[in-house]
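Please open the model in your viewer and keep the sequence panel beside it. The tour below moves from one selection to the next and says what is found at each stop.

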Amino acid sequence: MTTHRLPLLATASATAALTLALLGAAAPAEAGARRVVRPNAAGGTTAATLANRHGPNGGQWQSARGIATDSQGNAVLGGASRFTGPNGGTGQRAGRTQLNADGSASHASGFTASNARGNVQSSGSATRDADGNVNQARSTTATSATTGNSVQSSTSYNSDTGRTRSTTCYNASGAVIACR
């Protein structure tokens, strides 16, 4: 598979993460959305959307998304978002997708969230080659703030062999325990 690089948004998720950092520096009372669409040097279009919202009880949500296309039919999309709930819960997600003119594609994303009850992290990726063969994998871990116990789950999919999944639970010391 040929990898195509788009000059203006080759690292779309990194761009979105940087944008979120800049959004975090905005005044708390500021809310709204900004959109920019421009032609780029690759003969395509680059577009970005930034959003910043506040809830009536103190929650906040911020998002940045971007896409860049080229004249050959390739595209890169990226985005990131984060939230803070009124009771202190937080979360964030970032992802990047590349679509190629030959029909191949790749995607990677992850998220984290936490509150007084515990936390969860998940990351995954997927690819499709030009012939339509698919590979996918995701790993997720959740941990209880009360007990320190955790569960780790992994799933994968291959268009030739199908889906597999494994789940393992651990106590706060890291010993394997029965999942309930």
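The stops run from the whole chain to single strands and residues.

**The whole chain, coloured by confidence**

Begin with the entire protein chain, bearing in mind that this is a predicted model. The mean pLDDT of the chain is 87, and 83% of its residues reach 70 or more. Then select residues 1-29, where pLDDT stays under 50, although the model has 52 contacts beyond four places in sequence for this stretch. Where pLDDT is low, the predicted coordinates should not be read in detail.

Switch next to a cartoon of the chain, in which 1 helix and 11 strands make up the secondary structure. Followed along the sequence, the helix precedes the strands, in the pattern α-β-β-β-β-β-β-β-β-β-β-β. With a surface displayed, the chain exposes about 10800 Å², of which carbon and sulfur atoms supply 53%. Of the 180 residues, 24% count as buried. Among contacts with a separation of 6 or more, 31% are between residues 24 or more positions apart.

**The sheet and its edges**

Select the strands together: they form an open sheet of 11 strands with antiparallel pairing, in the order S1-S2-S3-S4-S5-S6-S7-S8-S9-S10-S11. Which strands are the edge strands, pairing on one side only? They are strand S1 (32-39) and strand S11 (176-177).

**Strands S3, S4 and S5**

Select residues 60-69 and 75-84, which are strands S3 and S4 and pair in the antiparallel sense over 10 bridges. Within this pairing, Ile67 has Leu77 of S4 as its bridge partner. The two strands form a hairpin with 5 residues between them, and Gly73 in the turn has a positive phi of about 95°.

Extend the selection to strand S5, residues 90-99, which pairs with S4 in the antiparallel sense over 10 bridges. Here the bridge partner of Thr84 is Thr90 in S5. The hairpin of S4 and S5 has 5 residues between the strands, and Gly88 takes a positive phi near 95°.

**Phe111 in strand S6**

Move on to strand S6 (residues 105-115) and centre the view on Phe111, which lies in it. Is Phe111 buried or partly exposed? Phe111 counts as partly exposed because its relative accessibility is 35%, a value that is not under the 20% set for buried residues and not over the 50% set for exposed ones.

Show the surroundings of Phe111: leaving aside residues up to four places away in sequence, Phe111 touches Gln92, Arg93, Val120, Gln121 and Ser122. One of these, Ser122, is also the bridge partner of Phe111 in S7. Strand S7 (residues 118-128) pairs with S6 in the antiparallel sense over 11 bridges. For a distance across the chain, pick the C-alpha atoms of Phe111 and Ala80, which are 31 residues apart along the chain and separated by 9.4 Å.

**Thr141 in strand S8**

Select Thr141, which has its place in strand S8 (residues 134-144). Thr141 is buried, as its relative accessible area is 18%. Beyond residues up to four places away in sequence, Thr141 touches Asn119, Val120, Gln121, Val151 and Gln152.

**Strands S9, S10 and S11**

Now select strand S9 (residues 150-158) with S10, a pair that is antiparallel over 9 bridges. A hairpin joins S9 to S10 through 3 residues, and the bridge partner of Ser150 in S10 is Tyr170.

Add S11, which pairs with S10 in the antiparallel sense over 2 bridges. The hairpin of S10 and S11 has 5 residues between the strands, with Gly174 taking a positive phi near 95°. Cys169 has Ile177 of S11 as its bridge partner.

**The disulfide**

For the last stop, show the side chains of Cys169 and Cys179, which form a disulfide with their sulfur atoms 2.0 Å apart. Cys169 lies in strand S10 (residues 162-170) and Cys179 in the segment after S11, so the pair ties together parts that are 10 residues apart in sequence. The structure holds 1 disulfide, and this link of Cys169 and Cys179 is right-handed, with 120° about the S-S bond.

How do the two cysteines stand with respect to burial, and what are their values? Cys169 is buried, with a relative accessible area of 9%, whereas Cys179 counts as partly exposed at 41% relative accessibility.

Note on methods: Residues are numbered from 1 along each chain as its sequence is written. This is a predicted model: local features need pLDDT of at least 70, side-chain atom pairs count only at pLDDT 80 or more; totals for chains, interfaces and linings use all residues. Side-chain values use heavy atoms; hydrogens and water are left out. Helices (H or I, at least four residues) and strands (E, at least two) are DSSP runs, numbered from the N terminus. Buried means under 20% relative accessible area, exposed over 50%, partly exposed in between (1.4 Å probe, protein chains only). Contact means heavy atoms within 4.5 Å. Accessible areas come from the Shrake-Rupley method with a 1.4 Å probe; for residues, only the protein chains shown count as cover. Two strands pair if DSSP finds at least two bridges between them. pLDDT is the predictor's confidence in each residue, from 0 to 100. A disulfide is a pair of cysteine sulfur atoms within 2.5 Å.
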